[in-house]
Amino acid sequence: MERGLDWWRRAVVYQVYPRSFADSDGDGVGDLPGLIDHLDHLRGGPASLGVDAIWLSPIYPSPGRDLGYDVADHVSVDPLFGTLEDLERLIEAAHRRGLAIVLDLVLNHTSDRHPWFESSRQGRDGPHADWYIWADPAGRDGRGRPRPPNNWVSFFGGSAWAWEPRRGQFYLHTFLSEQPDVNWRSRGLHDAQFDVARTWLARGVDGFRLDVFNCFLKHPELPDDPLSGGFAWRAWDRQQHSYEKDQPDLLALLAEFRALLDAAGAFSVGELFTGGPELAARYSAPNHPVFDWRLLEAPWQAHELAQAIDEREAAFGPAGWPTVVLSNHDQPRTASRLARRGRPRDAVAKAAAALLLGLRGTAFVYYGEELGLGDIRVPPWRIVDPPARRYWPLPLWWNRDGCRAPLPWSAGPGAGFSSGRPWLPLPADWRTRNVATQAADPTSVLSAFRHLIAARAASPALGQGDFAWHVRGDGGVLAWWRRTGDARALVVVNTVGRPAAIALPREGDPWRLAASTAGAEVPAGITGGLPLEPYEACFLLASS
Ligand code: TEU
């Protein structure tokens, strides 16, 4: 599918969490045929969002201990989601619509049920013996029990080491003990992982999201982590994690992997594990952006947002190209996070959409964000997220189930998501907050997303222009230029719940309103002052 060299810069990528998108067989869990049946929502239909690519969270065979991020076979499809033929049908149907398919590659670890690990744990001299991170005990405790090789802890709680008596060694697991970390310094493992990417590229996949890619290499001597100083409730937060990730030879490994993708014209986006914009920028490369979380962590306050934007722009510089992301399957949903303190959810969700789609960078929309979906509350007996179960009832882990509820398609039975009992509760407001209802409402969050995406797609400036402030938070308003060649656009976001106004730059006169989250009419041309409703955001195009 021809998209042009820089398609990934101007792209809007839509994250599908397959369990929760659309269920075709009534088992209460989303699947690939269900996704195929609903591609019109994304692109190619009468009321599509108009996104350019789908990032599909893992659909591979998995025991599901970490909801699919514990992969037992990298190159097949779990029957829960369908068959390999279904995935090939999805790729073909997506390409017919001009949609790229980006798979989620989990290459830092596998499931403990993966054949590679089942072979590796048998002994120290089998064909996969060094494919994982094995280490001898650091002696025995007073009761003769083996002591872990160092003080590393799991991000999900407990030690990062699990004992395997058949080898008389521990294995490393940064996450669950059912997710043993692979040893990228093993040539056999390295080559097998590259073959995974080759297999999917040969099947027509357009790129990959790389799960915790900056953890691929660990310090070879496995030294103790230094303590971070001060008190923290979680052991993970009491230590610095300088040795489990971000190793000096990672850039060379990344360059080798990216060369494989570049040769196939494929794209990648790296999921940075606990790092800031500077680290994300350092790991980024053309066609291979890296997520940073700075905007997602910023409070909805004009100067705080401006500060976050400045930090990102400084870190990436004009030559770099960031991503723009406000939520994903691990984080509280945008609308819930921003609608606190009595802000009207729809208005602030639409304003956030203008930030997401108007800033410089590849934009990532998380399924349901286009409806202003909020987080759900899951009763303790229905908690699925493993670390949430582990820590309950202590408030030490935000239950990620909250942002993973089934997508409501209509006000009909089962919200149009499934004819069966959904694997997680539907959002409480599904009868009014669903795709069909919002598609019919020109003032809905969905309509705002559609108009903003369409305006971005039609404007080279909004798609791949630079960034420069026009108003940096005064009066609660953020306004910035986007420029490329002769094309110039202005993004304006009133972040507060009261009317505002700004003076438009004269050099763009008369300005044309390309999209407004207030659904404002599109007057012929605007010069001088621009009045803004509370939380109104808009895209304007300068006269060339
Ligand atoms: O997430 C890594 C991870 O846990 C952090 O990036 C994230 O900040 C945290 O989950 C917030 O609570 C990736 C996947 O996105 C996640 O779903 C997996 O559980 C994890 O790796 C292990 O594969």
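Which of the 18 residues around the ligand come nearest?

1. The model is predicted. In it, the residues that come nearest to the ligand are Asp66, Asp211, Glu271, His329 and Asp330, out of 18 around it.

2. The shell around the ligand is mixed in character: seven of its residues are nonpolar, seven are charged and four are polar.

3. Two of the nearest residues also place polar side-chain atoms beside ligand oxygens. For aspartate 330, an N or O atom of the side chain is 2.5 Å from an oxygen atom of the ligand. For histidine 329, the distance from a polar side-chain atom to a ligand oxygen is 2.9 Å. Arginine 400 likewise has a polar side-chain atom 2.9 Å from an oxygen atom of the ligand.

4. How much of the ligand's area does the protein bury? The ligand exposes 490 Å² when taken alone, and 91% of that is buried by the protein. As for its location, the ligand occupies the largest pocket.

5. On the cysteines, a search of the whole structure returns zero disulfides. Cysteine 403 is therefore unpaired, and the cysteine sulfur nearest to its own, that of cysteine 215, is 19 Å away, against a cut-off of 2.5 Å for a disulfide.

6. Is cysteine 403 buried or exposed? Cysteine 403 has a relative accessible area of 0%, so it counts as buried, the limit being under 20%. Cysteine 538 is buried too, because its relative accessible area is 1%.

Technical notes. Residues are numbered from 1 along each chain as its sequence is written. This is a predicted model: local features need pLDDT of at least 70, side-chain atom pairs count only at pLDDT 80 or more; totals for chains, interfaces and linings use all residues. Side-chain values use heavy atoms; hydrogens and water are left out. A residue is near a molecule or strand if one of its heavy atoms lies within 4 Å of it. A polar contact is a pair of N or O atoms within 3.5 Å; within protein, one must be able to donate a hydrogen and the other to accept it, and residues adjacent in sequence count only if both atoms are side-chain atoms. Accessible areas come from the Shrake-Rupley method with a 1.4 Å probe; for residues, only the protein chains shown count as cover. On a 1 Å grid over the protein atoms alone, a cavity is a set of points where a 1.4 Å probe fits but cannot get out, and a pocket is an open set with protein on both sides within 12 Å along at least five of seven lines; lining residues have an atom within 4 Å of a point. A molecule sits in a cavity or pocket if more than half of its atoms lie within 2 Å of its grid points. Ala, Val, Leu, Ile, Met, Phe, Trp, Tyr, Cys and Pro count as nonpolar, Asp, Glu, Lys and Arg as charged, and the others, Gly among them, as polar. Buried means under 20% relative accessible area, exposed over 50%, partly exposed in between (1.4 Å probe, protein chains only).
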